[in-house]
Amino acid sequence: MKTHILILAFACVTVANAADKLAAISDAWQQSLTAESNSDYAAALESVLAFKNAGGETYLAAVRAGWLSYLNKDYTKAVQYYTTAAKQEPRALTPHLGMMNVYQAQNQPEDVLREAKEVLKIDQFHRPMLLIAGEILFNHQDYRKAEVYFERAYKLMPEDPIGMSWFGWSQISQGQARLAAPLFEKLMEINPEGYMVRDGFAITHGLPPGPPPGQR
């Protein structure tokens with residue numbers, strides 16, 4: 001009988017300790033959220049590290065630490081935390097999206113493109129990444145590769161004028177105006193006042209050409 005009582009007492013203590021640990025972890029996370037809402041990113045980061053040290057899930061801690069470091073404009077640490085998160089969850093998109101934010105803030109298009117490609121390795125149908133990758137390549141005048149991304153984005157959402165226009169301009173920029181003509185006919189039907197829609201239509205229908213997007 002005494003043995004059973006001791007086992008029961010030990011079990012109760014174990015459960016109580018586990019509950020206390022979970023409470024400490026949860027409290028640290030909530031403190032981090034509260035500090036972030038008050039724009040105190042340093043305190044928010046300190047709390048999320050306390051969350052990790054108390055036994056909180058390491059991926060959650062790393063990806064949130066990356067976000068908070070980004071908000072605090074500590075871009076070096078942000079990349080370090082996001083890299084750690086990406087290693088812990090190789091199929092997760094958030095670390096790569098987070099690093100894209102960091103690189104965009106630092107005006108590093110090559111690094112943005114690299115992370116966009118990492119996202120597309122995980123999800124080849126991630127349409128925003130297709131458009132971002134295509135735009136960076138287009139701005140580097142790598143029109144053929146840009147067309148590959150824009151075509152995939154267009155086919156995922158054929159009604160979207162943005163993807164339609166980029167796809168058309170990538171063809172025009174390769175001297176394939178006739179191929180782009182149907183795209184600009186559609187654009188004239190649904191978005192005639194869109195950016196450079198009339199220019200694209202003019203070029204694809206034999207009127208005097210204008211410069212491609214971003215080169216005016």
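## Helices H3 and H4

H3 passes H4 in a left-handed crossing. This comes from a predicted model, so take it in that spirit. Helix H3 covers residues 58–71 and helix H4 covers residues 75–88; the two pack at an angle of about 155°, and their axes are 8 Å apart. Angles over 145 degrees count as roughly antiparallel, and that makes H3 roughly antiparallel to H4.

Who touches whom here? On the H3 side you'll find Thr58, Tyr59, Ala62, Val63, Ala65, Gly66, Trp67, Ser69 and Tyr70. They meet Tyr75, Lys77, Ala78, Tyr81, Tyr82, Thr84, Ala85 and Gln88 in H4. Sort the residues of this contact by type and you get 11 nonpolar, five polar and one charged.

## Helices H6 and H7

Next up are helix H6 (residues 109–122) and helix H7 (residues 127–139). Their axes come within 9 Å and cross at roughly 145°. The crossing of H6 and H7 is left-handed.

From H6, the contact uses Pro109, Val112, Leu113, Ala116, Val119 and Leu120. H7 brings Met129, Leu130, Ile132, Ala133, Ile136 and Leu137. How many of the residues in this contact are nonpolar, polar or charged? The split is 12 nonpolar, no polar and no charged.

## Helices H8 and H9

Helix H8 (residues 143–156) packs with H9 at an angle of about 150°, and the axes are 8 Å apart. H8 and H9 are therefore roughly antiparallel to each other. Here too you can look at the handedness: H8 passes H9 in a left-handed crossing.

The residues in touch are Tyr143, Glu147, Phe150, Glu151 and Tyr154 of H8, together with Gly163, Met164, Trp166, Phe167, Ser170 and Gln171 of H9. By type, the contact of H8 with H9 holds six nonpolar, three polar and two charged residues.

## The largest pocket

Now for some empty space. The largest pocket holds about 160 Å³, and 11 residues line it. Which of them lie nearest its centre? Those are Pro161, Ile162, Ser165, Trp166 and Tyr195.

Helix H9, residues 161–172, turns up again: five residues of the lining come from H9, the largest share. Trp166 is worth finding on your screen, as Trp166 is one of the residues nearest the pocket's centre and also one of the H9 residues in the contact with H8. As for the kinds of residue, the pocket lining has eight nonpolar, three polar and no charged.

Technical notes:
Residues are numbered from 1 along each chain as its sequence is written. This is a predicted model: local features need pLDDT of at least 70, side-chain atom pairs count only at pLDDT 80 or more; totals for chains, interfaces and linings use all residues. Side-chain values use heavy atoms; hydrogens and water are left out. On a 1 Å grid over the protein atoms alone, a cavity is a set of points where a 1.4 Å probe fits but cannot get out, and a pocket is an open set with protein on both sides within 12 Å along at least five of seven lines; lining residues have an atom within 4 Å of a point. Grid points are joined across faces, edges and corners, and a volume is the space filled by probe spheres set on the points. Helices (H or I, at least four residues) and strands (E, at least two) are DSSP runs, numbered from the N terminus. Ala, Val, Leu, Ile, Met, Phe, Trp, Tyr, Cys and Pro count as nonpolar, Asp, Glu, Lys and Arg as charged, and the others, Gly among them, as polar. Axes are lines fitted to C-alpha atoms, for helices over the stretch in contact, and angles run from 0 to 180 degrees between N-to-C directions. Angles under 35 degrees count as roughly parallel, over 145 as roughly antiparallel, 65 to 115 as roughly perpendicular and the rest as oblique. A crossing is left-handed if the near helix is turned anticlockwise from the far one by less than a right angle, and right-handed if clockwise. Contact means heavy atoms within 4.5 Å.
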